[in-house]
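Me: Please take a close look at one part of this model, the strand β5 together with its surroundings. I should like a connected account of its pairing, its side-chain contacts and the pocket beside it.

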Amino acid sequence: SISLPAKADDISGAYAGLRLGYSYNQNSCLPAAIKCDREDLGYGVIGGYEFENQFGVEVSATRLGDTYAIYPDIRLTGELFTVDTSVKYTHTLSNDLQIFAKAGLVYWDAQINGWSEELKDSGFRPSAGLGIKLPLSSNIGARLEYQYFDQLGNNWMGYTDANFFSFSLIWNFSSAPKSFVNIAKEKSDAIYAGSKFSVDEKFSQDILDQYVERIITNAVNHEI
């Protein structure tokens, strides 16, 4: 059978994917910096589960890239890694497009190099995200997302508000592809919903009527 792209509201169950995007770590440099690079390429993995009531849960692990700052007497580089867990709500705008919002907690792990010793720390902070999703086939979808991580860091390391704009490819494990036959049967079920016959019974009745008509025609021709 020939598989068709699933409708957006048909996609539920477990999913996983890869994401790639632009990372911007706001407030990551002190005013005394001669040069500050807050931007880098970020990438990560996503996994989650979508329920039929439009809610879902999602976990993502993301490397938000490297940043650096040049001061009069030192050059510092920073690395930031996050793992966030969110509750997600999805709303279907049409058969092909969804928007979603999510909020939760992020575990962050940061490291700053440049001094005689590395500065490392980790912790938990709130996170939030917004995005759109478009199904490409029965199992594969694409989505664009903005995610915000609030005040990552500490007093002696400094704080940054991390922003991540990403593009993701998602694989839906539980989205069974529909065939032309299944779609045709669904339409037939809708047409004959008010009838006393089901689709299979209607099909059998049509065959029986054709068979009886053929017997009568043969009998009439034989009489002639």
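Reply: The account below begins with strand pairing, then turns to the pocket lining and the aromatic contacts.

The model is predicted. Strand β5 covers residues 55-71. One of its partners is β3, residues 35-37, which runs antiparallel to β5 and is joined to β5 by three bridges. Within this pairing, aspartate 37 has tyrosine 68 of β5 as its bridge partner.

Strand β4, residues 39-50, is also antiparallel to β5, and eight bridges hold the two together. Here glycine 48 stands opposite glutamate 58 of β5. The strands β4 and β5 form a hairpin with four residues between them, and in that hairpin glutamine 54 adopts a positive phi near 80°.

With β6, strand β5 shares 15 bridges, again in an antiparallel arrangement. Phenylalanine 55 has tyrosine 89 of β6 as its bridge partner. The connection from β5 to β6 is a hairpin through two residues.

Both β5 and β6 also contribute to the largest pocket, as do β7 (98-113), β9 (140-154) and β10 (158-172), each with at least two residues in the lining. The contribution of β6 is the greatest, at six residues. This pocket holds about 560 Å³ of space. Its lining comprises 30 residues, and those closest to the centre are Ser28, Cys29, Ile112, Met157 and Gly158. By character, the lining divides into 16 nonpolar, 12 polar and two charged residues.

Side-chain contacts with rings add further detail. Tyrosine 68, the bridge partner of aspartate 37, has arginine 75 over its face, 4.3 Å from the ring centre. A second contact of this kind involves lysine 88, whose charged end sits over the ring of phenylalanine 100 at 5.1 Å from its centre.

Ring-to-ring contacts complete the picture. Such a pair is described by the distance between the centres and the angle between the planes. Across the whole structure, a search finds five aromatic pairs. One of them joins tyrosine 49 and phenylalanine 51: the ring centres are 5.0 Å apart and the planes meet at 55°, so the pair is classed as tilted. The relative accessible area of tyrosine 49 is 37%, so this residue is partly exposed. Phenylalanine 51, at 42%, is likewise partly exposed.

Tyrosine 107 and phenylalanine 124 form another tilted pair, with 5.4 Å from centre to centre and 55° between the planes. Tyrosine 107 belongs to β7 and phenylalanine 124 to β8, residues 119-135, so their contact ties together parts that are 17 residues apart in sequence. Tyrosine 107 has a relative accessibility of 29% and therefore counts as partly exposed, whereas phenylalanine 124 is exposed, with a relative accessible area of 60%. The cut-off that separates these two classes is 50%, with exposed residues lying over that value. Elsewhere, ring pairs link Tyr22, Tyr146 and Phe165 into a cluster.

Returning to the strand in question, β5 is joined antiparallel to β3, to β4 and to β6, and supplies at least two residues to the lining of the largest pocket.

Definitions and conventions: Residues are numbered from 1 along each chain as its sequence is written. This is a predicted model: local features need pLDDT of at least 70, side-chain atom pairs count only at pLDDT 80 or more; totals for chains, interfaces and linings use all residues. Side-chain values use heavy atoms; hydrogens and water are left out. On a 1 Å grid over the protein atoms alone, a cavity is a set of points where a 1.4 Å probe fits but cannot get out, and a pocket is an open set with protein on both sides within 12 Å along at least five of seven lines; lining residues have an atom within 4 Å of a point. Grid points are joined across faces, edges and corners, and a volume is the space filled by probe spheres set on the points. Ala, Val, Leu, Ile, Met, Phe, Trp, Tyr, Cys and Pro count as nonpolar, Asp, Glu, Lys and Arg as charged, and the others, Gly among them, as polar. Two strands pair if DSSP finds at least two bridges between them. Rings of Phe, Tyr and Trp (its six-membered ring) pair if their centres lie within 6.5 Å; planes under 30 degrees apart count as stacked, over 60 as edge-to-face and the rest as tilted. Buried means under 20% relative accessible area, exposed over 50%, partly exposed in between (1.4 Å probe, protein chains only). A charge sits over a ring if NZ of Lys or CZ of Arg is within 6 Å of the ring centre and within 35 degrees of the ring normal.
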